[in-house]
Amino acid sequence: MSIGEALAEARREAGLTVAQVSQRTRIRQTIIRGIEGDDYSVGGGDFYARGHIRSIAKVVAADPGPLIKEFDTTHRTPGAMSATGIDELVTMSRAGERQRLNWVMVTGAALAGLALVVALGFAGYHFLAGPPSAAQAGPAAGGHKVTQHGAGQGTAGPEPSAAAAAAGSPAPTASHGPAQATAPPAARTLTPVSATAAGPGGGDNPQLAYRAVDASHATAWRTDWYTTARFGNLYPGTGLLLDMGHPVTVTGVAISLGSAPGAALQIRVGAARGLAQRPPAARAAGAAGVLRLRFSRPAHGRYVLLWFTRLPGDPAGTFQASVYNIELTGA
């Protein structure tokens, strides 16, 4: 008996419908039906499929252990993306960090050795060549004329600025000097073209995503409700993807959340829609109400991802986040 057949039989024996299992696990009915047909393509990958199997098995009173073992044997894809849990992902991430650190240390040592060789060669050249003669000295680097003040060279003329002052005209401005500093343009409000739900399986409540950018504080996009602040251990997060219509520079964001504290979120900006691996431009924890974030440095791109990594609780003992409005500032 396959995994899907075992779960479907256990569900029928428990007297539950697919809709009831979906309500209790917060897993979409399409995903549950796919798993019962041994189709895991709509679940978001191996990591999520294992979580779905475990959650469904608990609701229908089936032992998840043998089912997970069977999945790992027959369906799990080899490689880093088939990690079986958060601990495994963290271990691989740390291993990658160690490899990058070793590479940086080796590269730094090689560059330091090269710099030492160049410095020694340069010093040796000057030692063998001796001090430059007056004929070799020539004009100074950059094209500036050198004024000689030694005996037998005549009387040096006045400095350019002094001569200009004597003639009653302003001193000339060197074309090679530093550019005049200009004030950065004032930040302005940036209006997204659209908002879509982002996350495994298409995100939470995609039909309501537009409410987060409709400029109305009376309407809101809300996540699904979950049994824990960490999405019932089913997903790493959920959120909204804002399309600005063209590349912009974002310097800050104001987000109107619900009144319950406890939301943890990140803001990511980039040129492509896939921003899951991009480092956050800003983040917050324990957030509620109107959250205002100023970026430590401007972020550039067409797309802005609001990504929740933890949800606030409610009096009913469930966890859900609400976004009433998002305002971006920048250029």
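Here are a few friendly notes on this predicted model, covering confidence, one helix pair and one tyrosine.

1. Confidence first. The chain has a mean pLDDT of 76, with 66% of its residues at 70 or more. Two stretches deserve a careful eye: residues 80-101 stay under 50 in pLDDT, and the model gives them 18 contacts beyond four places in sequence. Residues 133-181 are also below 50, and that stretch has 15 contacts beyond near neighbours in sequence.

2. Now to the helix pair. Helix α3 covers residues 29-36 and helix α4 covers residues 46-59; their axes lie 11 Å apart and the packing angle is about 90 degrees. Angles from 65 to 115 degrees count as roughly perpendicular, so α3 is roughly perpendicular to α4.

3. Which residues bring α3 and α4 together? From α3 come I31, I32 and I35, and they meet H52, I53 and I56 of α4. By type, this contact has five nonpolar residues, one polar residue and no charged ones.

4. The loop between α3 and α4 holds Y40, which is worth a look. Is Y40 buried or exposed? With a relative accessible area of 13%, Y40 is buried, because the cut-off for buried is under 20%.

5. Around Y40, leaving out residues up to four places away in sequence, the residues touched are I3, G4, I35, A49, I53, F71 and H75. One of these, H75, is 35 residues from Y40 in sequence, with 8.7 Å between their C-alpha atoms. Closer along the chain, please also check D38: its side chain makes a polar contact with the side chain of Y40, at 3.3 Å.

Conventions: Residues are numbered from 1 along each chain as its sequence is written. This is a predicted model: local features need pLDDT of at least 70, side-chain atom pairs count only at pLDDT 80 or more; totals for chains, interfaces and linings use all residues. Side-chain values use heavy atoms; hydrogens and water are left out. pLDDT is the predictor's confidence in each residue, from 0 to 100. Contact means heavy atoms within 4.5 Å. Axes are lines fitted to C-alpha atoms, for helices over the stretch in contact, and angles run from 0 to 180 degrees between N-to-C directions. Helices (H or I, at least four residues) and strands (E, at least two) are DSSP runs, numbered from the N terminus. Angles under 35 degrees count as roughly parallel, over 145 as roughly antiparallel, 65 to 115 as roughly perpendicular and the rest as oblique. Ala, Val, Leu, Ile, Met, Phe, Trp, Tyr, Cys and Pro count as nonpolar, Asp, Glu, Lys and Arg as charged, and the others, Gly among them, as polar. Buried means under 20% relative accessible area, exposed over 50%, partly exposed in between (1.4 Å probe, protein chains only). A polar contact is a pair of N or O atoms within 3.5 Å; within protein, one must be able to donate a hydrogen and the other to accept it, and residues adjacent in sequence count only if both atoms are side-chain atoms.
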